Amino acid sequence: MSNSLILVLNCGSSSVKGAVLNHHTGEVLLSCLAEKLNLPDAYITFKYNDEKEVQDLSHKPHHTGAIEALMEALAAHNLDQRIGAVGHRVVHGGERFKESVIIDDAVLHDIEKCITLAPLHNPAHLLGIHAAQNVFHHIPHIAVFDTAFHQTIPEHAYTYATPYELYEQYGLRRYGMHGTSYRYIAGEAARILNRPEDNLSLVIAHLGNGASISAVLDGKSRDTSMGLTPLEGLMMGTRCGDIDPGVFSFLHEQTGMDVNQINELFNKKSGLLGVSGVSNDYRMVEEAAQTGNKRARLALDIFAYRLAKYIAAMTVANGRLDALVFTGGIGENAKDMRAAVIGYLGFLGLQIDDHLNAEMRFGNSGIITSSQSPLAMVVATNEELMIAQDSAHLAGLM
């Protein structure tokens with residue numbers, strides 16, 4: 001058998017998510033999730049042929065241990081010799097990386113230099129890359145950056161209204177995230193609409209526990225809601241999104257919290273969780289709202305209202321709107337949220353089709369607006385396939 005499969009890895013500080021894909025068909029042959037790494041009760045869960053198997057990692061509760069366990073699982077299923085490349089999701093590539101690249105020492109050095117821009121993410125990615133290179137040392141490794149797609153944003157859109165020297169010295173600017181998803185969705189939306197991607201104006205909302213929105217014109221990002229970090233922009237599962245910077249000093253003076261505590265408050269205890277007091281999971285907040293929980297209802301109202309405002313704003317970046325696209329776990333499944341958002345956007349001519357909207361859930365993609373309306377649609381994202389295709393291309397497997 002040819003070594004044409006791609007192993008896609010997404011390494012967090014305490015987790016490793018992996019999948020073996022056929023980059024031609026998108027079929028996932030094996031997937032895994034290692035959790036609680038660096039803790040005594042670390043474990044990894046494998047999924048193969050719809051069957052799950054959990055393995056204890058307490059003897060090697062780290063990234064290398066997780067990837068060694070993955071290698072053993074691949075060998076057990078006769079997949080180890082069929083891996084042609086390893087694709088790594090990397091959150092932040094700064095201004096250095098405008099596209100995916102084969103990993104070498106210089107690339108590793110530049111990913112390390114971007115740690116100040118993503119202190120929670122990039123160190124974990126580097127750990128995972130080193131661990132994977134130790135195990136899969138005979139095949140190419142590719143870095144696919146969340147930020148790369150947004151490097152086409154014009155200067156007036158990415159520059160903050162702060163002293164310009166802060167950009168020159170420290171790289172203080174808007175970078176954006178979820179770029180791999182946006183790149184996939186732009187191509188997939190064009191395919192569904194049977195329109196050329198290079199003549200299409202899209203506003204794409206990637207909505208999950210992390211949420212952002214982008215204006216994509218002719219296949220290129222023109223603006224996006226996340227900024228220097230993933231905190232800026234929309235309301236999210238635990239992130240507050242846009243907030244008055246003066247709140248930092250206000251909370252420090254009123255509560256005595258320091259910068260790190262306030263930063264944790266805004267990143268991990270706010271958003272849907274903070275307002276509802278129920279959960280960061282949109283489904284659980286929605287269930288609570290349906291039983292009369294007023295704070296849960298308020299959280300959903302804020303989510304929809306802020307998203308609608310950003311959709312209107314993103315049409316400015318493109319100059320026109322050919323289609324509004326919902327994606328991500330919430331975007332693909334929360335039909336009532338989509339209806340509420342489109343209800344706010346009547347001034348753009350958008351009108352929901354309730355029947356179509358109800359049908360577009362659980363992996364279904366298609367249009368959700370009436371025939372008289374400008375287009376709004378749902379497109380199921382597949383970041384892993386995008387990473388696999390980039391990796392196959394750079395490794396010469398296409």
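This briefing describes the nonpolar cores and some of the salt bridges of the structure above. The structure is a predicted model, in which local features need pLDDT of at least 70 and side-chain atom pairs count only at pLDDT 80 or more, while totals for chains, interfaces and linings use all residues. Residues are numbered from 1 along each chain as its sequence is written, and side-chain values use heavy atoms, with hydrogens and water left out.

**Nonpolar cores**

- The largest nonpolar core (buried Ala, Val, Leu, Ile, Met, Phe, Trp, Tyr and Cys residues joined through side-chain atoms within 4.5 Å) has 41 residues, and Leu207, Leu307 and Phe326 are among those with the most contacts inside it.
- Helix 11 gives the most to this core, with 10 residues, where helices (H or I, at least four residues) and strands (E, at least two) are DSSP runs numbered from the N terminus.
- Apart from this core lies another one of 29 residues, including Val16 and Leu70.

**Salt bridges**

- The structure holds 13 salt bridges, each being a side-chain nitrogen of Lys or Arg within 4 Å of a carboxyl oxygen of Asp or Glu.
- Glutamate 188 forms one with arginine 191, their closest N and O atoms being 2.6 Å apart; glutamate 188 is buried at 19% relative accessible area, whereas arginine 191 is exposed at 56% (buried means under 20%, exposed over 50%, partly exposed in between, with a 1.4 Å probe and protein chains only).
- Arg195, Arg320 and Asp322 are linked in a network of salt bridges, with N to O distances of 3.4 Å between arginine 195 and aspartate 322 and 3.1 Å between arginine 320 and aspartate 322.
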